[in-house]
Protein chains: 2
Amino acid sequence: MDEIIERIEKELRESGKKSSRTRRKVIEVFFSCGGHLSVEDLYREVKQRYPDIGYVTVYRTLKVLEELGYATSLDVGDGSTRFETALRQHHDHLICTVCGRIYEFFEPEIEVLQNLVARKNDFRILDHTLHIFGICKECQK
Amino acid sequence: MDEIIERIEKELRESGKKSSRTRRKVIEVFFSCGGHLSVEDLYREVKQRYPDIGYVTVYRTLKVLEELGYATSLDVGDGSTRFETALRQHHDHLICTVCGRIYEFFEPEIEVLQNLVARKNDFRILDHTLHIFGICKECQK
DNA sequence: CTTCCTGCAAAGGATTTGCAACGGC
DNA sequence: GCCGTTGCAAATCCTTTGCAGGAAG
């Protein structure tokens, strides 16, 4: 946990930015929460532990993390952007339209097929998102 | 073309809505354009042929079409929602991050694998979106 | 002491809503 | 005539920006 933050702070400095106390706190909360948080969600968590930190700072910190590659934004179609930590292996999402929960999966075969499709179309892949919307196990009961 | 509009108008009436001249015009333009239009795009097209139609009506008409299943919204990550006609077979998208062009593809194997993933997770699929971002053939030159 | 960061308020863009007039059935 | 639709303006939601003060290097 601390190593991650230190690595990020090091990269921040290397890219001409600064590592402030405030920013460190936001990053710390973000990584300790872990889920698929909206800015709103993260702000709420941050506020609880550090009441003096403002909304805009959370936004800007997430943006910086995304630039450095430590956060990934995803659009689940509910109007607000979600962010997740980008330290783990690539994965895709099962999104429950009833409760909003987000589950992750990784299917190597699908990845392979995507590359195939790209090659067939002379398309150079930079990124991809696969979102499966539906009803999760819990909500089917 | 006309059959489609008539089918939609019939469904509109059946679902307690109405089929007005204005709405018909918007629907007509939407289907004649065909691409992956933003509300802005469609509004511009509509305005050109029927200057009296308002922005909000385009929004609302697209929403109605989506409800009835004749339009699908997709988020390509550029801030505004795109809409496409939903009469064709399901397909996924290659989105060029340089020129913004959107290409379509369909890979049955991927569909099968998605169903497999869902089954493994006891997840009932309602829908899915697979967006591959990258650089298209044209823009690689 | 220069540059970046912070927090507030204010601006911005996309989308939705309230409301009075209008149009379909 | 009743109820959905239209168009305008205003409101709303999420996100970004301007700016003055504060902190980092």
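**Protein–DNA contacts and symmetry of the two chains**

In the predicted model, a polar atom in the side chain of B:Y59 is placed 2.4 Å from a phosphate oxygen of DNA strand C. A second phosphate contact to DNA strand C involves B:T81, where an N or O atom of the side chain lies 2.7 Å from a phosphate oxygen. A base of DNA strand C is also approached by the protein: one of its nitrogens is 3.3 Å from a polar side-chain atom of B:K18.

The surroundings of DNA strand C comprise 21 residues, of which A:K18, A:R23, A:T57, B:R21 and B:Y59 are the closest. Of the atoms of this strand found within 4 Å of the protein, 62% belong to sugar and phosphate. Three helices each contribute at least two residues to the surface near DNA strand C, namely α2 (21-33) and α4 of chain A and α4 of chain B. When sorted by class, this surface contains 9 charged, 8 polar and 4 nonpolar residues.

DNA strand D is likewise surrounded by 21 residues, and those that come nearest are A:R21, A:Y59, A:T81, B:R23 and B:T57. Sugar and phosphate make up 64% of the atoms of DNA strand D that lie within 4 Å of the protein. At least two residues of the surface near DNA strand D come from each of α4 (55-68) of chain A, α2 (21-33) of chain B and α4 (55-68) of chain B. The composition of this surface is 9 charged, 8 polar and 4 nonpolar residues.

Individual polar contacts to DNA strand D were examined next. B:R23 has a polar side-chain atom 2.4 Å from a phosphate oxygen of the strand. In the case of B:D52, a polar backbone atom is located 2.7 Å from a phosphate oxygen of DNA strand D. B:K18 reaches a base of DNA strand D, with a polar side-chain atom 2.7 Å from a base oxygen; this residue also has a polar side-chain atom 3.3 Å from a base nitrogen of DNA strand C.

The relation between the two protein chains was then considered. Chain A is superposed on chain B by a rotation of 178° with a shift of 0.1 Å along the axis, at an RMSD of 0.3 Å. This relation is that of a two-fold axis. The same surface is used by both copies, since 100% of the contact residues of chain A recur in chain B. Among the residues of chain A, A:L130 comes closest to the rotation axis, its C-alpha atom being 2.1 Å away.

A:F133 is part of strand β6 of chain A, which spans residues 124-135. With a relative accessible area of 15%, A:F133 is classed as buried. Beyond its neighbours up to four places away in sequence, A:F133 touches A:V76, A:I95 and A:T97, together with B:F123, B:R124, B:I125, B:L126, B:D127, B:H128 and B:T129. A:F133 and A:H93 are separated by 40 residues in sequence, while their C-alpha atoms are 8.4 Å apart in space.

Aromatic pairing was also assessed. Over all chains, 6 aromatic pairs are counted. The ring centres of B:F30 and B:F31 are 5.4 Å apart and the ring planes stand at 75°, so this pair is edge-to-face. Both B:F30 and B:F31 are buried. In chain A, one aromatic cluster is formed by A:Y43, A:Y55 and A:Y59; A:Y59 is also listed among the residues that come nearest to DNA strand D.

How values were computed
Residues numbered from 1 in each chain as written. Chains lettered and ligands numbered in written order. Predicted model: local features only at pLDDT ≥ 70, side-chain atom pairs only at ≥ 80, totals over all residues. Heavy atoms only, no water. Near = heavy atom within 4 Å. Polar contact = N/O pair within 3.5 Å; in protein donor to acceptor, adjacent residues only side chain to side chain. Helix = DSSP H or I, 4+ residues; strand = E, 2+ residues; numbered from the N terminus. Nonpolar A, V, L, I, M, F, W, Y, C, P; charged D, E, K, R; others polar. Phe/Tyr/Trp six-rings, centres within 6.5 Å; stacked < 30°, edge-to-face > 60°. Buried < 20%, exposed > 50% of the residue type's maximum accessible area, 1.4 Å probe, protein only. Least-squares fit on C-alpha atoms with pLDDT ≥ 70 in both. Contact = heavy atoms within 4.5 Å.
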